[in-house]
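Hello,

I am passing a structure on to you, together with some notes on what turned up in it. Please open it next to this email and follow along.

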Amino acid sequence: MTTLTINPTHALDQQQQLAQAFSAQQMGPMLRNALSPASWPKAVAKQSTRSCHILDAKVDPNGSGTMLYQLDAELVLGVMPAHAEHRQQPERAPTQAVWLPEIGMYVYPFLNDPALPALRTALDGQQMAARLNAELPTCRSGEQRILRCRATLLRYRPGRRCTLRYDLRLVDRSGVISSRTLFGKLYHDCAKAQAVYAEMQRLAACTQANGAPVTLAHAEAFLSELPLIVQAPVSGQPLDLAFEHAEKVSEQTVAEIRANIRAAAVALAAVHKLPTLTQRQRPVDADLAKLTRRAQKLAGEHAALGTQMSKLATTLAATVAQLAGENTILCTVHGDCKPSQFLVGGAQIALLDFDHCGLADPASDVGMFLATLRQISVRNRLRPEHSTETIHAPTWLTALEEEFLAAYMTASGAAADFRRRATWYQALALLRKALRGFARSPYSPLPAQLITAAERCLASDPA
């Protein structure tokens with residue numbers, strides 16, 4: 001286990017409380033004593049045994065942060081104000097929040113997330129049936145009517161977004177009963193949701209009109225009062241599922257993975273060739289400045305890792321001007337391009353989740369994809385339970401980066417300098433992943449390994 005060193009100006013209690021917050025074994029009994037989860041609406045599948053798991057975490061260097069626990073069949077949010085030794089019960093806590101003074105955290109049902117006040121509505125099948133009847137085109141026209149709606153939580157990011165599945169039972173004008181599945185994404189910001197909805201519609205129409213070899217999810221409706229985007233399903237399995245146990249993959253499966261990687265590169269190149277469909281700017285200078293500030297802040301609290309991150313950020317800042325001097329044509333980029341966003345197995349490659357799309361260098365998408373492949377390789381080298389003992393990642397796994405990059409450059413007709421830009425953006429994405437990795441698991445060796453990987457990316461850059 002990696003040792004987490006806290007700035008000596010802070011009390012030792014901060015380290016102890018943070019360690020306790022990351023111990024599901026200790027938090028389980030504490031949460032059960034503080035809360036009455038049996039009375040809450042069920043968010044996840046019923047558990048046959050009592051258990052507690054940490055599903056997500058975001059911790060700042062000063063010790064503040066948010067934890068998401070699965071307590072038996074319920075989801076619980078834990079919020080820690082800054083500097084544990086000075087924490088006091090907040091004056092304005094969410095409904096049903098309980099203060100835990102021994103750990104400096106208040107906890108409450110995730111349905112009471114103040115940033116997503118429509119969570120209860122979005123998970124209420126009866127309410128959603130009425131709302132979807134008023135918004136879905138076929139229901140609004142009277143062709144169909146929803147008889148029943150079952151809502152299932154799929155993914156939840158505290159304070160930001162929630163993804164849900166809606167299984168509908170419908171009847172048409174002639175009385176024929178049918179079933180349909182839709183997916184909804186609930187946002188904390190209505191303006192952002194509105195922009196994403198409009199861009200999804202334009203992207204889907206443009207890819208179809210241009211005959212692009214990629215499928216995008218069709219946005220069916222926008223419920224602005226929630227705000228919630230409802231979209232149709234797309235077929236296929238996430239590309240990264242084949243990487244989960246890389247050491248056990250057969251030769252035949254490796255061949256399929258390589259083919260899918262190349263197809264994903266071609267699909268991404270097709271998206272980048274589409275006409276400009278968004279006005280949202282994604283300037284790299286602003287992104288790098290934000291990551292640099294976070295790294296410097298971390299260096300003040302956790303010297304070794306933070307200093308390593310700050311040094312990488314400085315190196316990237318020293319070379320970013322060279323990118324601007326190259327012949328870069330901005331285009332509509334995905335903004336969060338990684339293997340999990342590509343679905344394979346259908347008639348075409350499908351690309352999901354354009355929440356972060358905007359105008360930027362296409363090399364930023366390619367660099368993010370390459371960074372995720374490198375992250376997967378690093379994780380495959382790390383044994384379970386945060387051990388520092390390593391094993392060798394399969395050769396085919398490490399070779400996928402070049403496979404993807406070469407296929408993209410061929411499909412896009414990119415010039416030779418594109419490779420250099422993609423490598424730079426790969427290192428930037430690895431820095432971002434390392435910072436997020438620390439926020440989610442301060443005791444993991446992964447963030448330091450990702451920074452080392454980024455340094456190696458830059459070192460291999462022929463320029």
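How many aromatic pairs does the structure hold? The count is 9 aromatic pairs, and I should say straight away that they come from a predicted model. Let me take you through some of these rings, then the salt bridges, a few strands and a pocket.

**Aromatic rings**

A pair of aromatic rings is described by the distance of the centres and the angle of the planes. Start with Phe110 and Tyr156: their ring centres are 5.0 Å apart and their planes stand at 65 degrees, so this pair is edge-to-face. The two residues come from distant parts of the chain, 46 residues apart. Phe110 sits in the loop between strand S5 (105-109) and helix H3 (119-122), while Tyr156 belongs to strand S6 (residues 144-157). Phe110 and Tyr156 are both buried.

Now look at Phe369 and Phe404, an aromatic pair that is stacked. Here the distance is 3.8 Å centre to centre, with 10 degrees between the planes. This pair also links distant parts of the chain, since Phe369 is in helix H10 and Phe404 is in helix H12 (residues 400-412), 35 residues apart. Why does Phe369 count as buried? Its relative accessibility is 0%, and buried means under 20%. Phe404 counts as buried too, because its relative accessibility is 0%.

There is also an aromatic cluster to find, formed by Trp99, Tyr106 and Tyr108.

**Salt bridges**

Side chains of opposite charge can pair when their charged atoms come close. In this structure there are 18 salt bridges. One of them joins Asp72 and Arg32, whose closest N and O atoms are 2.8 Å apart. Asp72 lies in the loop between strand S2 (65-71) and strand S3 (74-80), and Arg32 lies in helix H2 (residues 24-34), so their salt bridge ties together parts that are 40 residues apart in sequence. Both Asp72 and Arg32 are buried.

Another salt bridge is formed by Arg280 with Glu199, and the closest N and O atoms are 2.6 Å apart. Arg280 is in the loop between helix H7 (251-272) and helix H8 (284-301), whereas Glu199 is in helix H6 (residues 190-210), so this pair ties together parts that are 81 residues apart in sequence. Are these two partners buried or exposed? Arg280 is partly exposed, with a relative accessible area of 24%. Glu199, with a relative accessible area of 4%, is buried.

A further one connects Asp361 and Arg421, with 2.7 Å between the closest N and O atoms. It links distant parts of the chain, 60 residues apart: Asp361 is in the loop between strand S16 (358-360) and helix H10 (362-381), and Arg421 is in helix H13 (residues 417-440). Asp361 is buried, with a relative accessible area of 5%. Arg421 is buried as well, with a relative accessible area of 4%. Elsewhere, salt bridges that share partners bring Arg161, Lys185, Asp353 and Asp355 into one network.

**Strands around S11**

Which strands pair with S11? One of them is strand S8 (residues 177-187), which pairs with strand S11 (residues 228-231) in the antiparallel sense over 4 bridges. In that pairing, Leu186 has Leu228 as its bridge partner in S11. Strand S10 (residues 219-223) is another: S10 and S11 are antiparallel, with 4 bridges. Ala221 has Val230 as its bridge partner in S11. A hairpin of 4 residues joins S10 to S11.

**The second largest pocket**

Rolling a probe the size of a water molecule over the atoms shows where empty space is left. The second largest pocket holds about 320 Å³ of space. It is lined by 16 residues, and the closest to its centre are Ile329, Pro362, Ser412, Ala414 and Arg421. You have met Arg421 already, as the salt-bridge partner of Asp361. Helices H7, H12 and H13 each supply at least two residues of this lining, and H13 gives the most, with 3 residues. By type, the lining divides into 9 nonpolar, 4 polar and 3 charged residues.

Enjoy exploring the structure, and write back with any questions.

Best wishes

Methods. Residues numbered from 1 in each chain as written. Predicted model: local features only at pLDDT ≥ 70, side-chain atom pairs only at ≥ 80, totals over all residues. Heavy atoms only, no water. Pairing = 2+ DSSP bridges. Salt bridge = Lys/Arg side-chain N within 4 Å of Asp/Glu carboxyl O. Buried < 20%, exposed > 50% of the residue type's maximum accessible area, 1.4 Å probe, protein only. Phe/Tyr/Trp six-rings, centres within 6.5 Å; stacked < 30°, edge-to-face > 60°. 1 Å grid on protein atoms, 1.4 Å probe; cavity = no way out; pocket = protein on both sides within 12 Å on 5 of 7 lines; lining within 4 Å. Points joined across faces, edges and corners; volume = space filled by probe spheres on them. Nonpolar A, V, L, I, M, F, W, Y, C, P; charged D, E, K, R; others polar.
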